[in-house]
Structures are given as C-alpha cells and as structure tokens.
Amino acid sequence: MKKAIAKLLQHPLVKKADSFVRKWDGELTQDLVLQPGRFGLGKVPARLDPDDATNMVCGFCATGCSLTIHLKDGQAINLSPATNYPVNLGMACPKGWEALTPLRSPDRATTPYLRTAGGHLEPVDWHTALQNFTLRFKAIQEKYGNEAIAWLGTGQICTEELAFLGALAKFGMSIPHGDGNTRQCMATAAMAYKQSFGFDAPPYTYKDFEESDVLVFVGSNLCIAHPIMWQRVCQNKHRPEVIVVDPRKTETAMAATQHYAIRPKSDLILLYGLANRLIANGWIDRDYIDRHTSGFEAFADFVAQFTANVVIDATGLRPEQLEKFAKTIHCGSRVSFWWTMGVNQGHEATRTAQAIINLALMTGNIGRPGTGANSITGQCNAMGSRLFSNTTNLLGGHDFLNAEDRAKIARILGIDVNRIPNQNGLAYDQIVEAIANDKIKGLWVVATNSSHSWINQTKFNEIVKKLDFLVVQDMYFNTETAQRAHLILPAAGWGEKVGTFINSERRIGLVKKVARAPGLALSDFNIFKLVAHYWGCGKIFEKWSSPESVFQILKELSRGQPCEITGIRDYQMIDEAGGIQWPFLDTSSGASAQKDDPAQVLAVSVEPERRLFEDGLFYHPDKKAKFLFESPRDVPEPTDKKYPFVLLTGRGASSQWHTQTRTGKSAVLKKLYPEHPYVQMNPLDAEFLGIETNQKVLIASRRGQVTATVFITNTVQAGQLFIPMHYSVANELTFPGFDPYSRQPAYKACAVSVQKTNIP
Ligand code: SF4
C-alpha cells in the first residue's frame, strides 16, 4: 500500500493537487469545528436564554415531530416533545425521546481513520484524510475515467448537505453516478407520483388522518413504523373504518376494523380487483374522472379481467371480503389511501402504488380533506433527498435530460452548463453491479450503512472488496460499512449541525446545533466544503458558505417548480411558523414591502396544514392525472420443495431504527426489543416441525443461512416467516429483485427453509 501511495504521489496530477492541499494546510482550525451563528452553539434560541429551550425536528423518521431541546449553557441536556407543532402535538415515540443519547456514544468517530498497509484503521488528522481522499479518487479517475467513482448518500442528512454533496460530486468532481438510501425506501413512491401526477408530489397533510371516514393502509404498519401518525388516526372523531391490507396481523391490523390478510405480493391483483368491483357497481366519480384524469377507459377495459374469482385465487380472500372492501370505499365520503414499504419494496412496486393512486382518482378521493393517495415516507429527510440530492433528478426536481433545465440550474449556480451531466446516473443496484464488473473502483458512502441494509448482503460485501478505495463518512467508526472502509470521515450528527429536513407531508422543518460534535468530527456540510477545497473546485461553491446560504440557493432552484419555496424568507420564518409545507410561493404583490415586515408575511401567508390538488390540476402538460397499469408478474422467487416458506421482512418495534447504528446506542431503547435476531412463525408450522418458542432455528435461502430464535405467533400465516429488518441476518437471506421503474429492491418476499438446530 505504501509503495502504491508513493507511486501515486509522483503523478503530475497528484503533485498539482498536493500543492493545492498544502495551500489549505493550516486552515483546518477549530473555526470549522465550532462555527457559531444564529442557529449555532450559543445563539440557538434566537430570543431565548442559553439555559432555556429550543424546538427542532427529530432526526429519525419522516413523521418530522418537533422536539423541545432543553439547554444549559447553550447545550442540550434533555428533551421533550414540542406541544405547539402541527405534526406531533406534544407526542414523541421512544426514538424521539432518546434522540440525544446516540450522540454521546463511545462508538462515535472522533477523528478520521485511514487503513494502513497492515489492514488496520489508524487515526489520522483531517489534512491527511482529505489528502488521501483527493489523491486516491483522482488517481482512479485518471486511470479508469470519471465513471469509475460513485457515491451513495442518504435521507438522513440535511437538505442543504444533500444538495451540496450532489452538486459537489456531479458539478465539481465530475462524478456522474450517485444515488442514496432513498432508493431502498421511497424510490417507488417518487416514480409512481412522477408518472401519475407529473411530479413527485405526496398530496396530503397529516390532518387528513383525522378527517377521513375511511382509511385504507396497504403494506403499512403505522402503529410501529410511524407511531405519531397513528396517534393522529386515533384522534379521528368520525368513527372511521380503518382497513389494513397486509399478510401479517400487524399491530395496525389488530387495531383496524377490517384486515385483509392477503398472500404476500398479491396486492396488485387485489387493487385491480377492487377497481373492477367499483366500476362494475358504478361506484366511481365519473365527473372527476372526465375533468381531471386521462386513460380511464383503457384502465377500465384492463381491469375487467380481474374478476372476483381471479382475485380470490391470488389473494386467498373470500368473495364477500372483496365485496365488503369495495363497498366500504364506496360508502366513504372522505376515503384516504396510505401505503409504505409493503408496497414500495416489491417487485412490481411502482404499478402497485399506481393501482392505489388509481383507486383514489376513480372515486374522486383526492384534493379534499380526509382523502388522497398518500405514500408515507421513511427517513427523516427522504423527501429532501428526492428533491435536492441531485441524483435521480437535477436539483429541485429538474431533469438532467432537459437542456432548458440544465441551463436554468447553471445560471442560478453561476457555473458552466457543461459541468451538468446530460444523462441520468446509475441507480444504487447498477452502481453495485458496476463495482462487481470492475467498472467502478472508488465509492464514497455518506451516512448510510449499506453493508447491513443492502439486499443480498453477503454478495454486496463480497463485491465491495473489489473497490480500490472505499470512503465512509459517518457518525460512528464501527458500522458494518465503516469497518470495511479504507478511509473514515467522522461526521457530526443530528443536533450537532444546522439545516432543514422535509417530512412526509412536505413540511420543511429546522434542525439546529444544540451540541458539540465530539473530537474532530465535522458537520457533513463542512466536510463537503473541505472536500471542495482539496479537490480544487472550491471556487464553484464560494456562495455555499453556510447551510442557510445554501437554503437561499435552493429557493431559487425551486422557482417555477411544483416544489417552489421562494416564499420562505429564511430559517427564522420556518422556525416561527412551525415548519412550512411546500409549495410556498412568494406571491406577495408589493413583495418588498412585505419582505420588510416578516411578521406580516407570517401572519398573512403560513397556513399550518395544506394539501395538494384541491383545484384538480396535476403537473402533466394537460393538467390531468394518468391512469397507469400493467399486467401483474409472478414473484421473482416463488417457494418450492426445498425452500417452502415465504420470508417477510419489516420493522420490528418503534424503538428500533433501520440498521440500529443509532437506536442500538441507547440502553433505554435496547430494553424495548429483543437483542438477538428472532423469527416469527405460525403455530401450525411450529407444531408440524416440532419447534417450540425460544428455540433456535436455521433459516436458509439460496443466498445464505442464519440462526434466529423462534417466536411462535399467529400474526404470521402458515407458510410464512417474519424477521425484522433491523437485524443484519435478514439481508443475508433476501432476494435481489428490483422494481423495473423505481429500481427499488424487493425486500418483502423471498423463499426460505427452516430447520431445527441444536444451537442453544
Ligand atoms: S415518530 Fe419519528 S419523528 Fe416522531 S419522535 Fe418518533 S422517530 Fe422522531
């Protein structure tokens, strides 16, 4: 390794970079570590004492609750749920209550680490880290071309940071391929909305949970995955019908008035069958269809084949259940449809999401209180990632393929338009495939734990060994991915930096700096700024001086887009308004007069809860929503004699979050879920196999074999098993299938076998 680096240092390109690096030596001062400001340490609560409190949005899930952070000497000492925020109304789930704990973990990366020739990760200073980052990535580009580097981002960092990463990588470093863990989470919903509505636009507001008289949840265990949203359902005063479509009798299904326990991945056929019943019975809103949609006649012809018999065959439901389901939708005057990962993570996910959208459109259940085809987002800033990460679309929901869009972005950013790629980059799975095929040799992973979370994990971890250079930027030095890195860049976490998140209902909320990042850890924003300087493209980002200055740039980028936010004056306005949903246009005539009087802008403009499509106008050129559909396909890996069980995966408990890099650091949260992997099994299967509860079993798929403790329960159907995704064993088993449109992995169903084992 030393020899290789010595050789690299002789390269002319590297020498040029080295002189640049030297120029910046000495600039890595504490100023970058501790950057005070109105929203930084010491001045967080603009109008409050340092020993008072300030509100900020939670950094786990996309519900986007506000937490009141209690301060001493300007630093967080405790928190409680904010009572005056339109999202959570004084509530928080266990993760929110424990949000500060993971910041204090001994597992924090407090310094950069570089892998030595002996294979160990050794602490180094920032200069050495950034020098290696720059030299080694540039050497890969020199040898293999720009296409040989990629990055993987996240929906867990602030929007301003996501935009910086995407702009830096694509426009500054000429890295054409970047994606994020949003691909694992919301790519399907984004694609479905884009195709159906003309833009990725979740239409609802959380108030709709309270306004519906029928709520239909497809593949969503809201009680566990989004407990505060479930509280909003519980506050519904209309005695609503709550319908759950899920193979498992989840906590949400138990609380529902109707549960349809369909066979895994028969949801698309069920949804087409429902459309058929609604049409056959005349239970559709013809006027809405005619005025606001296109493609209905072809859709009606298509779903005619999904007769009750077809649906019953595929789903295992009874005919009267199908009829009752359709009738409940018909009888509702405000029906809302909700979905999340049970839909998004499927092999035909985009069409399934659109089948839900179709039901809302054909019954006129959209754009009114208590209605909508509503995808529930996972990560705290997945929506920010969808709009501003510069991965699947050009900043602000623009199109890399559109010359006008590229010119607009170049003009606003003041860059040469030729810096903007005119092609889409590779998706996550394609990046992994390109690594496997030796086309990508360098990877920069930011705040995501791919070695645990990516589908077919064993293969993924074999593939990343082929990389010449893997950089992981994370809060912790010991995530499964960080431990495989050549270089670790220590990052500040939520609460240690400033920026915005966008939640499920399009609400932009503020993140504040209420704690110091440990050691040499820097905010992702400052890391990107340093990378830009070391790389030699810092000039392009001169105006990107602070998160709030980037927010002002994002406002301009959004101008004229459905997600326009030009009416948001600044961070303070977001803070005072209790978050602001997009769109939020600067519509003030005499704008300057109003801008001089921020209080007036707030008083006049900010409604706390707004939904889209109240005017029935969508984002396609004809302003109509499209009916989209396609013949269902078989699951990619059906069960057989050798692998007779369907393995389902999903969230385990509301105290667990994804790969547990943070929730696993809280002793309180760890008390609320089993420490070791467990598998849920139906009593009939357990009896047949002679397995007792708490016994260890071997579960095998074609990709791996894992051990788990059996929990016998009738919440899973016979022939099905369930393992929570938070245990890394789950993805040793999952099958690498992908939706063809969203390229989102199909985590939800694969074929496995179960065997008793003598392991105690
Ligand atoms: S529901 Fe989500 S946003 Fe709210 S406290 Fe829990 S993790 Fe945080």
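Colleague: Is helix H25 mostly covered or mostly open, and how many of its 12 residues are buried?
Modeller: Happy to start there, with the reminder that this is a predicted model. The buried residues of H25 include Pro 547, Val 550, Phe 551, Ile 553, Leu 554 and Leu 557, and Glu 548 and Lys 555 are buried as well. The helix is mostly covered, and the number of buried residues is 10 of 12.

Colleague: What span should H25 have, and what is the distance between its end C-alpha atoms?
Modeller: H25 covers residues 547-558, and the expected rise is 1.5 Å a residue. For its 12 residues the expected span is therefore 16 Å, in agreement with the distance between the end C-alpha atoms, which is 16 Å.

Colleague: Which residue just after H25 takes a positive phi?
Modeller: The phi in question is about 85°, and the place is just after the helix. The residue is Gly 560.

Colleague: Thanks! Where is Asp 73, and is it buried or exposed?
Modeller: Asp 73 sits in the loop that links strand S2 (66-72) to strand S3 (75-81). Its phi is positive, near 55°, and it is not a glycine. Most residues other than glycine have a negative phi. The relative accessible area of Asp 73 is 60%, and the cut-off for exposed is over 50%, so Asp 73 is exposed.

Colleague: And Asn 456, does it count as buried or exposed?
Modeller: Asn 456 also has a positive phi, near 55°. Its place is the loop between helix H22 (450-453) and helix H23 (457-464). Its relative accessibility is 11%, and the cut-off is under 20%, so Asn 456 counts as buried.

Colleague: Is the peptide bond from Trp 582 to Pro 583 cis or trans?
Modeller: Pro 583 belongs to the loop between strand S19 (580-581) and helix H27 (591-595). Most peptide bonds are trans. The omega from Trp 582 to Pro 583 is near 0°, and the bond is cis.

Colleague: On to the sheets: what are the edge strands of the open sheet of seven strands?
Modeller: The order is S5-S4-S16-S15-S14-S6-S7, with mixed pairing. From one strand to the next, the twist averages 15°. The strands that pair on one side only are S5 (121-123) and S7.

Colleague: In that sheet, which residue of S15 is the bridge partner of Leu 443?
Modeller: Strand S14 (residues 442-446) pairs with strand S15 (residues 469-474) in the parallel sense, over five bridges. The partner of Leu 443 in S15 is Leu 470.

Colleague: Which residue of S25 stands opposite Met 681?
Modeller: Met 681 belongs to strand S22 (residues 678-681), where Val 679 and Met 681 point one way, Tyr 678 and Gln 680 the other, and all are buried. With S24 (residues 704-712), S22 pairs in the parallel sense over four bridges, and Val 679 has Val 710 as its partner there. S22 and S25 (residues 720-724) run antiparallel and are joined by two bridges. Opposite Met 681 stands Leu 721.

Colleague: Now for the open spaces: which element gives the largest share of the lining of the largest pocket?
Modeller: This pocket holds about 790 Å³ and has 39 lining residues, with Met 191, Lys 194, Thr 392, Asn 393 and His 398 nearest its centre. The elements giving two or more residues are strand S7 (177-180), helix H7 (187-197) and helix H19 (382-388). The largest share, four residues, comes from H7.

Colleague: How many residues of the lining of the second largest pocket are charged?
Modeller: The second largest pocket has about 530 Å³ of space. Its lining has 28 residues, and the closest to the centre are Arg 263, Pro 264, Lys 265, Ser 266 and Ala 314. By class, 13 are nonpolar and eight polar, and the number of charged residues is seven.

Colleague: Last one: which residues lie nearest the centre of the second largest cavity?
Modeller: The search of the whole structure gives nine cavities of 30 Å³ or more, and the second largest has a volume of about 90 Å³. Its lining divides into nine nonpolar, three polar and one charged. Of its 13 lining residues, those nearest the centre are Cys 58, Cys 61, Cys 65, Cys 93 and Ile 228.

How values were computed
Residues numbered from 1 in each chain as written. Predicted model: local features only at pLDDT ≥ 70, side-chain atom pairs only at ≥ 80, totals over all residues. Heavy atoms only, no water. 1 Å grid on protein atoms, 1.4 Å probe; cavity = no way out; pocket = protein on both sides within 12 Å on 5 of 7 lines; lining within 4 Å. Points joined across faces, edges and corners; volume = space filled by probe spheres on them. Nonpolar A, V, L, I, M, F, W, Y, C, P; charged D, E, K, R; others polar. Expected span 1.5 Å × (residues − 1). Buried < 20%, exposed > 50% of the residue type's maximum accessible area, 1.4 Å probe, protein only. Pairing = 2+ DSSP bridges. Axes fitted to C-alpha atoms, helices over the stretch in contact; angles between N-to-C directions.
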